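User: Hi! I'm new to reading protein structures. Could you take me through this one and show me how the labels are earned?

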Amino acid sequence: GWCWPATSYNVELSPLNRAATRREMRSERELLLELQRNIDGAAVIARTVRAARGLRQQYNRQQQSAGNHGWRTPQILAWEPWLKTLWDAAILAGTESRIVLNEVQEAELWLQVLQQDEAGEQTMSIAGLATQAQKAWHAMHQYRIEHRDVRKDSSIDAQTFSRWVAELEKVNRRSSLLSSSQVESALASLARAGNLPLPDAIFLLGFDRTTPSQELLIDALRERGCAIELTELELPVGEPAVDPVIAYARTLDEEIVGAAQWIRARLLENPSQRIGVVVPSLAETRDRIDAAFRPVLAPSSMDVHASNARLPYEFSLGTPMHRMHAIRTAVTLLQWLETALPPEEISWLSTHGGFSSGPSDARAMLDKRFRERDFQLGGPVSFFSFREWLANSAGKDDSSPLRRTLERVAVAAKRQDLKKNRSYADWREAIEELLSAAEWGLLTATDSAEYQLLRRWNALLNELSSLSAVTGPVS
């Protein structure tokens, strides 16, 4: 395995409590009013996307409470999206022409660099090594470690990494590309040259620490006359002090239910308060928390006939896309066109996939026949063998909706010729045609949750298409 850095490097960290970065305490309302008064000349840059979204929502509520029916949207962004707006402005102004790589493009370039290097042949997991190299590259730029300092290190690891960096920089220069970790220093240079449109004031919200790369950009903006204030939001005045309580629970589930009941009691006392629940391993316990919170905090959502109502709580960690019902349907169907699937996966797809019409009891009867009669010996089943089995069941009413769907998919697959190599952008078009032929349910989104999931799916396909800029056709 490889480990970086092999040697410690002296990095000068900028303290946050110096005079130039003095923290100011403001109430949320005061900060939003300041934005409203200076909507063209002020911006709030939050530490996280979540914090920025919450502040925008609060601004909208404040405008509604004031009786306004329409208002201009202030500039409230997280750090990374803000950098993108600055770079896009530089592109439009003609002061910059390089393309900033997204994460998947950069990962692909690192993989290509390692595949062409002798060190890549000595590892069992070249993809894992490329990921570690990419992380080391980002850390270099975050803490402003110069490549020449890495070259001075005589250790084998550092020399190997330096060779990879040199190759990656050569590729980027040749194609006018820029790593996302280099954007802050590039923007700092543009700002010092006066080639960057800037607001009069920037409020940095929630930044308990900044990296040297961020400080470089902040200092450059100050030099150009942009007032930058590190801001912290004051707690609401008059909040009663709460004595700490330690509660004992015999099991994790009992503790979660106890927390839900405690939250409910607190909200009944003061419905306007906001309560945070800190969980050590949210990814592992999210489903159990949701199952316990729903009947206590949102009992109406337990009705199977109820529409997707907005819950009074939300998780800071989203559900992985592959676990969402519609996404699992799409990915499983696409995988089935390439490789045979276990019978249980096909059973799930035919009964719960939701990409074909027909009553649920008919789909259940079809699945029963599939499992009990023709594929009793088990083993993977290919798309085309299952399609042939359905064709032999032509007289059965319960198979006709699914059979028609698979016929449309088969026609689309033949037209696309899935065995040939093509660019990632062309694969994106093939995927969209196959899912359209399957009448994939998410293509006709009917509520906000489905629409947001469709947007995220399209964003994922955009990332897939973007790989065409850094690599050739693939199978």
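Analyst: Gladly! Let's begin with a term we will need: contact means heavy atoms within 4.5 Å. By that rule, and leaving aside its neighbours within four places in sequence, Phe386 is in contact with Trp336, Ile346, Phe370, Val381, Leu402 and Leu406. Keep in mind that this is a predicted model.

User: What makes a group of residues a nonpolar core, and which members of the largest one touch the most others?

Analyst: The members must be buried residues of certain kinds, Phe, Trp and Leu among them, joined through side-chain atoms within 4.5 Å. The largest such core here has 36 residues, and Trp336, Phe386, Leu435, Trp440 and Trp457 touch the most other members. Helices α12, α13, α14, α15, α16, α17 and α18 each supply at least two residues, and α12 gives the most, with seven. There is also a second, separate core of 28 residues, which includes Ala188, Ala191, Leu196 and Phe207. As background, in soluble globular proteins nonpolar side chains tend to be buried together.

User: How do you know that α13 is mostly covered?

Analyst: A residue is buried when its relative accessible area is under 20%. In α13, seven of the 10 residues are buried, and they are Pro343, Ile346, Ser347, Trp348, Leu349, Ser350 and Thr351. That is how α13 comes to be described as mostly covered.

User: Why are α1 and α2 called roughly perpendicular?

Analyst: Angles of 65 to 115 degrees count as roughly perpendicular. Helix α1 (residues 28–37) and helix α2 (residues 49–65) pack at about 80°, with their axes 10 Å apart. The two helices are therefore roughly perpendicular to each other. By class, their contact has five nonpolar, four polar and two charged residues.

User: What makes β2 and β6 a pair?

Analyst: Two strands pair if there are at least two bridges between them. Strand β2 (residues 42–46) and strand β6 (residues 201–205) are joined by five bridges and run parallel, so they satisfy the rule for a pair. Across this pairing, Ile45 stands opposite Leu204 in β6.

User: Why are β1 and β3 at the edges of the sheet?

Analyst: The open sheet has five strands in the order β1-β7-β6-β2-β3, with parallel pairing. β1 and β3 each have a single partner strand, so one side of each is left without a neighbour in the sheet. Helix α1 lies across β1, β2, β3, β6 and β7, running at about 135° to β2.

Methods
Residues numbered from 1 in each chain as written. Predicted model: local features only at pLDDT ≥ 70, side-chain atom pairs only at ≥ 80, totals over all residues. Heavy atoms only, no water. Buried < 20%, exposed > 50% of the residue type's maximum accessible area, 1.4 Å probe, protein only. Helix = DSSP H or I, 4+ residues; strand = E, 2+ residues; numbered from the N terminus. Axes fitted to C-alpha atoms, helices over the stretch in contact; angles between N-to-C directions. Parallel < 35°, antiparallel > 145°, perpendicular 65-115°, else oblique. Nonpolar A, V, L, I, M, F, W, Y, C, P; charged D, E, K, R; others polar.
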